[in-house]
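Visitor: I am new here and would like a tour. Could you walk me through what we are looking at?

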Amino acid sequence: MCERLIYNRTAIMSVLTDRTITKLNIAAKLDMSEHHWAIINDIITVLKPLDEVTTTLCSLVLPIIHSIINNHLKTNDVGRSETEQFKSVLVTSLTNRYTLPSLRGALQFKLNSNIETVHGLASFLDPRSKQLSFENNEKKNLITVVISNIIKNIEIAETVENAAFVTSTTLDFIFHNLQGLSGSNSELQIYLQDIEINHNICPLEWWKTREQKYPRLAKIAKKYLCIPAISASSERVFSTAGNIGSSKPTSLLSENVDLLVFLYKNKDI
């Protein structure tokens, strides 16, 4: 909305100054000063990362929120007071919503929050953020314990392909080599020792190639990494369907509406 205002600024100003279109008393209420336009420009810059996040957000909910607050919403003394206040409001809102104690120590950390746990598990199961560097040790331990308890209840059929992975030898025992150990705990330990991948690499592709190495964790990853991080995309689909299925083309069959919505949402593929 703000970008469209800036883009159409010349046309807007022309309409407001044309007395044949806009009366003086109305123009006085709608007219904006140069300072107001500058604030809108600042708001566009501040909101840009959040706009990008709504289209790219995935299992990295907590790392992304942490990065936005620390890298894009930092307040300083050189900016306009209105812009800095806007940043402060955004930081408070994001922090309260996602309860990030590492960012706001004064907030009470909720260990039993279901939403928090889901976000944390998804971040842990994403090989791009499994070290949970954005969390405190208490939360890291909590997530590890939750994953460990889930793994214990997962049974897998040992196959010839992963038999070499779970077979222990005498040398494995002597050197405490995790690669030769079997069971859920060793699987979790090996996963923790594995390096984090670059944030541009697809985590689903990573899990696809390592499903035999981490059979139990892979099952959990399938469960949590498929959860949509936000509802924005589905809400946009509903909006598209509402525009297509308006009161004018009432003769459209339901299957044709579905087809038109599908074509519109996938037109760029």
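**A buried loop residue and its surroundings**

Guide: L132 counts as buried, at 2% relative accessibility, where buried means under 20% relative accessible area, exposed over 50% and partly exposed in between (1.4 Å probe, protein chains only). Before we go on: this is a predicted model, in which local features need pLDDT of at least 70 and side-chain atom pairs count only at pLDDT 80 or more, while totals for chains, interfaces and linings use all residues. Residues are numbered from 1 along each chain as its sequence is written, and side-chain values use heavy atoms, with hydrogens and water left out.

Visitor: Where is L132 found, and what is its phi?

Guide: Most residues other than glycine have a negative phi. L132 is not a glycine, yet its phi is positive. This residue sits in the loop between α7 and α8, and its phi is about 50 degrees.

Visitor: How many helices and strands does the protein chain have?

Guide: Helices (H or I, at least four residues) and strands (E, at least two) are DSSP runs, numbered from the N terminus. By that count the protein chain has zero strands, and its helices come to 15.

Visitor: Is H119 buried or exposed?

Guide: H119 lies in helix α7, residues 114-125. Leaving aside neighbours within four places in sequence, it is in contact with V61, L62 and Y98, contact being heavy atoms within 4.5 Å. Its relative accessible area is 16%. Because that value is under 20%, H119 is buried.

Visitor: Which helix gives the largest share of the largest nonpolar core?

Guide: A nonpolar core is a set of buried Ala, Val, Leu, Ile, Met, Phe, Trp, Tyr and Cys residues joined through side-chain atoms within 4.5 Å. The largest one has 38 residues, and those with the most contacts inside it include F124, L125 and W207. Several helices, including α4, α7 and α13, each supply at least two of its residues. The largest share, six residues, comes from α5.

Visitor: Which residues does L125 touch?

Guide: L125 is one of the residues with the most contacts inside the largest core. Not counting residues up to four places away in sequence, it touches I147, Y191, W207, L217, I220, A221, Y224 and L225.

Visitor: Why do the buried residues of α14 lie on the same side of it?

Guide: Helix α14 (residues 232-244) has 13 residues and reaches 18 Å from its first C-alpha to its last, close to the 18 Å expected at 1.5 Å a residue; the expected span is 1.5 Å times one less than the number of residues. Its buried residues are A232, T240 and I244. They are on the same side because they cover an arc of only 115 degrees around the axis, the arc being that of the directions from the helix axis to the C-beta atoms.

Visitor: What do the buried residues of α14 pack against?

Guide: In α14, the buried residues are A232, T240 and I244. Their packing partners are α4 (34-56) and α15 (254-265).

Visitor: Is L204 buried or exposed?

Guide: L204 lies in helix α12. Its C-alpha is 8.1 Å from that of L225, although the two are 21 residues apart in sequence. At 52% relative accessibility, L204 counts as exposed.

Visitor: How far apart are the C-alpha atoms of K208 and K222?

Guide: K208 also has its place in helix α12, and it is exposed, with a relative accessible area of 63%. K208 and K222 are 14 residues apart along the chain, and their C-alpha atoms are separated by 10.0 Å.
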